Amino acid sequence: MQHSRFPKALLLCSLTALMSCSSSYFPAEDGVTECGYVSIFLKPPEAKEIYTVRFDKINGEHRIRDRNQVTLPVGQYTVEVIDHINLNDFSFNVRPTRAKEAKSIVIDVKANTSYYLGAEFFRDKKYKVYENEYWQPVVWKETDKACEL
């Protein structure tokens with residue numbers, strides 16, 4: 001019987017971890033309660049040459065690397081992400097020898113909106129690994145989602 005409690009405990013731990021994945025790191029101005037989300041949680045449509053990313057910084061701050069969704073007061077933000085494109089999955093042989101570099105995207109966060117980020121892969125620039133020209137960050141999906149600070 002004891003083994004039947006294990007899945008519940010695992011589920012509880014998973015839900016706790018998931019709930020902690022979203023956090024507001026940027027204080028709102030006085031009286032501002034409207035917010036939106038920037039997310040890397042959903043898997044982008046690889047069939048459209050869009051791949052997953054991970055957060056590096058928002059407005060120059062590193063405090064979000066372990067998150068997959070961030071709650072932000074309405075306003076404009078510079079979000080830096082690093083691609084997770086596995087170039088070895090393609091029919092060409094590219095061996096990157098240095099760490100991947102972050103790229104920036106500016107997002108105008110609107111109230112009650114989620115922005116899902118991904119890396120758009122440029123197949124025609126697949127050999128431009130060292131120049132970091134083979135991808136760019138994109139918002140591949142926007143959805144309505146209630147948000148309050």
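1. In strand 6, Ile82 is the bridge partner of Arg54, and this contact belongs to the 5 bridges that join strand 4 to strand 6 (residues 75–83), two strands that run antiparallel. Strands here (E, at least two residues), like helices (H or I, at least four), are DSSP runs numbered from the N terminus, and two strands count as paired if DSSP finds at least two bridges between them. The model is predicted, with local features needing pLDDT of at least 70 and side-chain atom pairs counting only at pLDDT 80 or more, while totals for chains, interfaces and linings use all residues. Residues are numbered from 1 along each chain as its sequence is written, and side-chain values use heavy atoms, with hydrogens and water left out.

2. On the overall layout, the protein has 1 helix and 9 strands, and along the sequence these follow the pattern α-β-β-β-β-β-β-β-β-β. Of the 149 residues, 37% are buried, where buried means under 20% relative accessible area, exposed means over 50% and partly exposed lies in between (1.4 Å probe, protein chains only). Among contacts between residues at least 6 apart in sequence, 74% join residues at least 24 apart, a contact being heavy atoms within 4.5 Å.

3. Strands 4, 6 and 7 make up an open sheet of 3 strands, in the order 4-6-7 and with antiparallel pairing. Strand 4 (53–58) and strand 7 (103–109) each have a single partner strand and stand at the edges, so one side of each is left without a neighbour in the sheet. From one strand to the next the twist averages 40°, with axes taken as lines fitted to C-alpha atoms (for helices over the stretch in contact) and angles running from 0 to 180 degrees between N-to-C directions. Strand 6 and strand 7 run antiparallel and are joined by 7 bridges; within strand 7, Asp108 is the residue that stands opposite Gln76.

4. Strand 7 also deserves a look for its two faces, since the covered one carries Lys103, Ile105, Ile107 and Val109, whereas Ser104, Val106 and Asp108 lie on the uncovered one. Three residues of the covered face, Lys103, Ile105 and Ile107, are among those that Val79 contacts once its neighbours within four places in sequence are left aside. That list for Val79 also includes Phe55, Lys57, Ile58, Ser104 and Leu117.

5. The largest nonpolar core has 24 residues, and those with the most contacts inside it are Phe55, Val79, Ile85, Ile107 and Leu117. Such a core is a set of buried Ala, Val, Leu, Ile, Met, Phe, Trp, Tyr and Cys residues joined through side-chain atoms within 4.5 Å. At least two residues of this core come from each of strand 4, strand 5 (69–73), strand 6, strand 7 and strand 8, and strand 8 gives the largest share, 4 residues.

6. Ile85 lies in the loop between strand 6 and strand 7, yet Ile85 is buried, with a relative accessible area of 3%. The C-alpha atom of Ile85 is separated by 9.2 Å from that of Glu120, which is 35 residues apart from it along the chain.

7. A search of the whole structure finds 2 aromatic pairs. Rings of Phe, Tyr and Trp (its six-membered ring) pair if their centres lie within 6.5 Å, and planes under 30 degrees apart count as stacked, over 60 as edge-to-face and the rest as tilted. Tyr51 and Phe121 form an edge-to-face pair, 6.3 Å centre to centre with 85° between the planes; Tyr51 is in strand 3 (residues 50–51) and Phe121 in strand 8 (residues 113–121), 70 residues apart. Tyr51 and Phe121 are both buried.

8. For Tyr116 and Trp140, the ring centres are 6.1 Å apart and the planes at 50°, so this pair is tilted. Tyr116 belongs to strand 8 and Trp140 to strand 9 (residues 135–144), 24 residues apart. Tyr116 counts as buried at 10% relative accessibility, while Trp140 is partly exposed at 22%. The charged end of Lys141 sits over the ring of Tyr116, 5.9 Å from its centre, and that of Lys145 sits over the ring of Tyr37, 4.6 Å from its centre; the criterion is NZ of Lys or CZ of Arg within 6 Å of the ring centre and within 35 degrees of the ring normal.

9. Two backbone angles may be worth checking. Most residues other than glycine have a negative phi. Glu49, however, has phi near 65° and is found in the loop between strand 2 (35–39) and strand 3. Asn112, in the loop between strand 7 and strand 8, has a positive phi of about 60° and is partly exposed, with a relative accessible area of 32%.
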